[in-house]
Amino acid sequence: MTRHEHSHHGHGPRDPRCLEIFARLSEYLDGELGEMDCRLIEEHIQDCEPCIEFVRSLRRSIEAAHAYHARVEPSQLPPELESRLRQAWQEALRRRRSA
């Protein structure tokens with residue numbers, strides 16, 4: 001997204017620039033984006049009500065997930081399964097960073 005593209009859009013869930021913002025908000029909130037990408041997102045969401053609401057909703061979801069505490073401790077995973085899950089997680093992170 002460029003600054004020029006930002007200034008001429010209709011805002012909404014079907015606007016391609018808003019969809020791009022929606023797709024990158026998790027990375028933005030996790031501090032995984034560069035300074036320029038962060039600035040473009042911040043400029044976009046200043047006057048885009050659908051994106052502002054999406055950011056609020058995502059932040060509420062993150063807070064709820066952090067506040068959740070299971071009533072029952074999970075059982076231990078077999079070491080082989082834990083290893084496979086770690087590998088799958090690392091693969092997902094690599095794909096996300098290279099996209």
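Here are some short exercises on this structure, each with a worked solution.

The model is predicted, so to speak of local features a pLDDT of at least 70 is needed, side-chain atom pairs count only at pLDDT 80 or more, and totals for chains, interfaces and linings use all residues. Residues are numbered from 1 along each chain as its sequence is written, and side-chain values use heavy atoms, with hydrogens and water left out.

**Exercise 1. Find the secondary structure pattern of the chain.**

Start with the elements: the chain has five helices and zero strands. Helices (H or I, at least four residues) and strands (E, at least two) are DSSP runs, numbered from the N terminus. Along the sequence, this reads α-α-α-α-α.

**Exercise 2. Check the span of helix H2 (residues 16–29) and find where H2 bends.**

Step one: the expected span is 1.5 Å times one less than the number of residues. For the 14 residues of H2 that gives 20 Å, and the end C-alpha atoms are 20 Å apart, which agrees.

Step two: H2 bends by about 40° at Ala23. The bend is the angle between axes fitted to the seven residues ending at a residue and the seven starting there.

**Exercise 3. Work out why the structure holds zero disulfides, looking at Cys48 and Cys51.**

A disulfide is a pair of cysteine sulfur atoms within 2.5 Å. The sulfur of Cys48 has its closest cysteine sulfur in Cys51, 3.5 Å away, so the pair is too far apart for a bond. Next, look at accessibility: buried means under 20% relative accessible area, exposed over 50%, and partly exposed in between (1.4 Å probe, protein chains only). Cys48 is buried at 0%, and Cys51 is buried at 0% too.

**Exercise 4. Describe the salt bridges of Arg39 and Glu82.**

A salt bridge is a side-chain nitrogen of Lys or Arg within 4 Å of a carboxyl oxygen of Asp or Glu, and the structure holds eight.

Take Arg39 to begin with: its partner is Glu35, with the closest N and O atoms 3.6 Å apart. These two residues are four apart in helix H3 (residues 35–46), so about one helical turn separates them. Arg39 is partly exposed at 32%, whereas Glu35 is exposed at 65%.

Now take Glu82, which pairs with Arg86 at 3.0 Å between the closest N and O atoms. Glu82 and Arg86 are four residues apart in helix H5, again about one helical turn. As a last step, salt bridges that share partners join Glu49, Glu53, Arg56 and Arg60 into one network.
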